[in-house]
Amino acid sequence: MLLAPTINVFRSALNGRNFENYAEDPVLTGRLAAAYVQGLQAGGVGATPKHFAGNESEFQRGMIDSVIDERTLRELYLRPFEIVVKEAQPWAIMTAYNRLNGPYCSQHPWLLQKVLRREWGFTGLVMSDWGGTHSAAEGVLAGLDLEMPGPAVARQPLLAQAQADPEVRAGVRERARAVLHLLSRAGTLTAPLDVADDHERDTEYPETRALIRRAGAEGLVLLKNSGGALPLPAGARVAVIGPNAEAAQVMGGGSAQMNAHRRVSPAEGLREGAA
């Protein structure tokens, strides 16, 4: 499984996750995402489009309520997800941290059941963002299949709730069925993962690294070279302004927030890309 693509649309230049997104246009975003998911899943790797929905800003992303009228929601914020679900049937969807017109997205019956499953025909698994599950029975009944990451935190009381309430018990069975369906799609029911090989690693491809470096160099715009200011002389002093001058962030969004405790020197910040 791949926890991508991010298909929220550009609504603010200050959004720290814009580098992951596709476009300002919801239709263009949806078309690109559908093609990406189709290609990815054709190779046997499941996609998880995110963050569903209304997560177009990183400001107070874990608690903010995105108040959006239904027409705007459907025409702008939900449109990329609708396109990718209908055209590519991703194996999973990840819910957003924020609230949407009141309820958290991870326990939003209208969003997960009425729109995603019944209207759009989604057949995959719905997972929360990391730490984005806020309830046990309520989330199950709203349509959230999987709390991420494990072991369960918000869902610790779920077994007792299911034992006491037949409706919750039926909901747990439905959610478990979605998890088993994903495991079947991924092939792990017939070919279990080798836990001895379960460690993080990366693989370097020199040609890919060269392409990324060339694309980055050709797409970089610093400032207008007025009066021959560039290139800067070797002894030039550069001011790095803002909190990232001291705590360098090499990514936006959740990764930056999770790594905010790591303090580095301004010199290291320049080397790591602080701006």
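The following conversation between a student and a tutor goes through a predicted model of a protein and asks what lies behind the words used for it.

Student: What makes up the protein, in terms of helices and strands?

Tutor: The protein has 10 helices and 4 strands, and from the N terminus on these elements follow the order α-β-α-α-β-β-α-β-α-α-α-α-α-α. Of its 275 residues, 39% count as buried, which here requires a relative accessible area under 20%.

Student: Why is the pair Arg74 and Glu70 called a salt bridge?

Tutor: The closest N and O atoms of Arg74 and Glu70 are 2.9 Å apart, and a salt bridge asks for a side-chain nitrogen of Lys or Arg within 4 Å of a carboxyl oxygen of Asp or Glu, so the pair of Arg74 and Glu70 meets the definition. The two residues stand 4 residues apart in helix H2 (residues 70-77), and therefore about one helical turn separates them.

Student: How do you know whether Arg74 and Glu70 are buried, partly exposed or exposed?

Tutor: Arg74 has a relative accessible area of 24% and Glu70 has 42%; because partly exposed covers the range between the 20% limit for buried and the 50% limit for exposed, both Arg74 and Glu70 are partly exposed.

Student: Which salt bridge involves Asp145, and what does the pair tie together?

Tutor: Asp145 pairs with Arg175, their closest N and O atoms being 2.6 Å apart, which is within the 4 Å that the definition allows. Asp145 lies in the loop between helix H5 (137-142) and helix H6 (158-164), whereas Arg175 belongs to helix H7 (residues 166-186), so the pair ties together parts that are 30 residues apart in sequence. Asp145 and Arg175 are both buried.

Student: How do you know that Arg214 and Glu218 still qualify as a salt bridge?

Tutor: Their closest N and O atoms are 3.7 Å apart, and because the cut-off is within 4 Å, the pair of Arg214 and Glu218 qualifies. Both residues lie in helix H8 (residues 206-218), 4 residues apart, about one turn of the helix. Arg214, at 48% relative accessibility, counts as partly exposed, whereas Glu218, at 61%, counts as exposed, because exposed means over 50%.

Student: How many salt bridges does the structure hold, and which residues are joined into one network?

Tutor: The structure holds 14 salt bridges, and those that share partners join Glu70, Arg74, Lys114 and Glu119 into one network.

Student: What makes up the largest nonpolar core?

Tutor: The largest nonpolar core has 31 residues, of which Phe52, Leu78, Val84, Leu111, Leu116 and Trp120 touch the most other members. Helix H1 (26-42), H2, helix H3 (79-88) and helix H4 (109-119) are the elements that give two or more residues to this core, and H3 supplies the largest share, 5 residues. Apart from this core lies another, of 7 residues, among them Trp91, Met94, Leu125 and Met127.

Student: Which residues does Phe52 touch?

Tutor: Leaving aside residues up to four places away in sequence, the residues that Phe52 touches include Leu78, Phe81, Ile93, Leu111, Leu116 and Trp120.

Student: Why can Leu2 belong to a surface patch?

Tutor: Leu2 has 31% relative accessibility and counts as partly exposed, and because a patch residue must have over 30%, Leu2 passes that cut-off. Leu2, which lies in the segment before H1, makes a nonpolar surface patch of about 210 Å² with Tyr36 and Val45.

Notes. Residues are numbered from 1 along each chain as its sequence is written. This is a predicted model: local features need pLDDT of at least 70, side-chain atom pairs count only at pLDDT 80 or more; totals for chains, interfaces and linings use all residues. Side-chain values use heavy atoms; hydrogens and water are left out. Buried means under 20% relative accessible area, exposed over 50%, partly exposed in between (1.4 Å probe, protein chains only). A nonpolar core is a set of buried Ala, Val, Leu, Ile, Met, Phe, Trp, Tyr and Cys residues joined through side-chain atoms within 4.5 Å. Contact means heavy atoms within 4.5 Å. Patches are made of residues with over 30% relative accessible area and no salt bridge: like charges are joined within 9 Å, nonpolar side chains (Val, Leu, Ile, Met, Phe, Trp, Tyr) within 5 Å. Accessible areas come from the Shrake-Rupley method with a 1.4 Å probe; for residues, only the protein chains shown count as cover.
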